[in-house]
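Please look through the structure below with the text beside it. The paragraphs take up confidence, then a sheet, then a pair of helices.

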Amino acid sequence: MEKKNETRKIQRSYTLRERFDYWFDNRVSKGSLGFIHFLIVACVVCAVLIAGLIILFGFNEEGEVASVFWDSFATVINAWMPSFEDGSPGYLVMMSIIAILGVLFTSVLIGIVTSAIEEKIDNLKRGNSLVLETDHIVLLGFTPGECTLLNQLILASDGKPGCIVVAEDLEREEMEQSILENLDVPKNFRIVCRTVDITDPASIEKCSVETCRTVIVNPTDDLKTIKAVLAVSALLEEKGVPEIRVNAIVSRNEYRFPPSLVETNNITTLQSNDILAKLIAHSCTQNGLSKTFRELFNFEGSEFFLVSMAGIEGKTFEELMVRMDNATPIGIMREGTISLNPPGECLLLESDKILIFAENPDTAKLLSSQETTLFDQELNIVDDETETDTVIFGHNETLPVILHELPENISHVHLVGQQTSEEEREELENVAAERNLELKYITENIRSETALLKIAKIAEHIVILNNHDLDSDEADMETIFLLLNLRDIRKRYNLSFNITVEMQSERNQKLVGSGDNTDFLVSSSMSSLFLAQLAESPELIGAFREILSNKGNEVYLKNAGLLNLTGKHTIRELRQILLKQRYILLGYLDSQKNSSFNLPLQEELDLISTDSLIVLGEN
């Protein structure tokens, strides 16, 4: 028992060579600087040793001791071979030895310095150096070829100097080359790329997040996005700057951040799947709505601004609507809360801020009351009772939301290629029952042209959903293949259905173009637009959430014929007529799907039945 409890200490003797090798390895492992230190010490020791031997054996003859040491050091540094006349044979031999050592010293030193320089250059190429910027934007996450977000942030700067630090676990050269190929960066704007693990706080630190203006987590997959948000929030808390806002898009509702965490860490998020599902449902019967959304939320043309205006106290929102030129009022901010589309009789206070849609916050002007006239005309809306059928190809987690958001005139939905569990099918049936929809499941092979033609003849509206369980490129290519076949069938058989397509990558969408009665909703592109708005206008987050949610005011395309507004009308007349029906006129979409926003109050439109008005309202 005692032997079992004894601790055995194995002692081993090491040779001098082994000890030196171990010590030498430890010194070299410290990098180039450690090796240079060792080399200098070794050279000094050798120079002193050679000088000592020369003096000891009297090889210096009548030379001074100090000069011998100096010659020894000079020779090892310069690798200078002594000439025959410099001294005795013993002196020449010793100095030749130190000269040879000097050659080795110089060669090794040059090699070390060269390696150190190459290592530094490689680090710079990989983007490992610290960023020394202030008031910049930190963009965590980058996909080569996807530059919509960067482009929007540059446009938002409105020509002012700025800097964006792009961080991703990619080679710096790869990111810079992709940006160079896909984006025109103004000379006064800088994009700095860094190779960073965006889920690691220590790695993110090189982006100088503590001195930035805002942090944007660019969509990758949800789990990586969440880890990146938590990583940067932890770093900001450690640096003592938790007030810096972190903006992110998360696709699935189950990854919604708890409110307490959002408030504590100043996090702003949107659920993109719900937003896209709503847009898909509305776009399938309102051809051109997806393009309109992109125009509303990008930084080209008109944007959303909060402005203070003199002379509004005591006026109604209706008066403001018919007197504001070069901008469209869409809401008011009172006591920090934004109210979209308030009633026309709502009285304004001097302290109110007006939410406008305009090209520039300074362009909005209030015309005098003498220049305006109020009209009493009300809309005589024609109900569109024509019921249409919709075909939906594919399945993902957004399908229940799409069914719930479909317009009222859709009564039958044909679901093609549904690989659903019993639980998922039960959820779809419950939504359909709530909306009084009749669901029909089609199991025919869509690879067969005969089957695809039969399906294509069923409905006026076709939706192609993206498979979120596949890799983005693979899922997009499946979608593209189906789209190309449907377009071909529509052309060859002279059919008139419109197609709404969900895709994940902007690069893939460019392969098949646009137009041809096809609406594209690209998740990466739409998410980039929303992120840019969140980053540049955090005070408008409440308004954006309402416009992009399933509740409250939303954007619609209202047919001029169904509104009984065909014929000639000025913009002022249209604004007031629509406001009485609780709609705000944002713009106009002609029959060729060309849109116009913020037209002058006095401009007259000659509307035909195929034109549409872009409005903000609750239904």
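Over the whole protein, this predicted model has an average pLDDT of 83, and 89% of the residues score at least 70. Confidence is highest in strand β1 (residues 137-140), at a mean of 94, and lowest in helix α1 (residues 2-5), where the mean is 47. Helix α1 falls at the start of the chain, and over residues 1-7 the pLDDT stays under 50. For that stretch the model has 0 contacts beyond four places in sequence. Where pLDDT is low, predicted coordinates should not be read in detail.

Next comes the sheet. In what order do the strands of the open sheet of 6 strands lie? The order is β15-β14-β13-β16-β17-β18, and the pairing is parallel. The edges are taken by β15 (438-442) and β18 (518-522). Each of these two has a single partner strand, so one side of each is left without a neighbour in the sheet. From one strand to the next, the twist averages 20 degrees.

Individual pairings can be followed from β13 outward to the β15 edge. Strand β13 (residues 388-393) pairs with strand β14 (residues 410-416) in the parallel sense, over 6 bridges. In this pair, Val391 stands opposite His414 of β14. On the way to the edge, β14 and β15 also run parallel and are joined by 5 bridges. Here Val416 stands opposite Ile442 in β15. The connection between β14 and β15 involves helix α15 (residues 422-435), and the three elements make a right-handed β-α-β unit.

Another helix is placed against the other part of the sheet. Helix α17 (residues 472-492) lies across β13, β16 (461-464), β17 (498-503) and β18. Its direction is about 170 degrees to that of β17.

The last topic is a helix pair. Two packed helices are described by the angle between their axes and the distance between the axes. For helix α12 (residues 289-297) and helix α19 (residues 523-536), the axes come within 10 Å and cross at roughly 25 degrees. Angles under 35 degrees count as roughly parallel, so α12 is roughly parallel to α19. The crossing of α12 past α19 is left-handed.

Which residues meet where these helices pass each other? From α12 the residues are Phe293, Arg294, Leu296 and Phe297. They meet Ser525, Met526, Leu529, Phe530 and Gln533 in α19.

Key
Residues are numbered from 1 along each chain as its sequence is written. This is a predicted model: local features need pLDDT of at least 70, side-chain atom pairs count only at pLDDT 80 or more; totals for chains, interfaces and linings use all residues. Side-chain values use heavy atoms; hydrogens and water are left out. Two strands pair if DSSP finds at least two bridges between them. Helices (H or I, at least four residues) and strands (E, at least two) are DSSP runs, numbered from the N terminus. Axes are lines fitted to C-alpha atoms, for helices over the stretch in contact, and angles run from 0 to 180 degrees between N-to-C directions. Contact means heavy atoms within 4.5 Å. pLDDT is the predictor's confidence in each residue, from 0 to 100. A crossover is right-handed if, with the strands pointing away from the viewer, the path from the first strand over the helix to the second runs clockwise. Angles under 35 degrees count as roughly parallel, over 145 as roughly antiparallel, 65 to 115 as roughly perpendicular and the rest as oblique. A crossing is left-handed if the near helix is turned anticlockwise from the far one by less than a right angle, and right-handed if clockwise.
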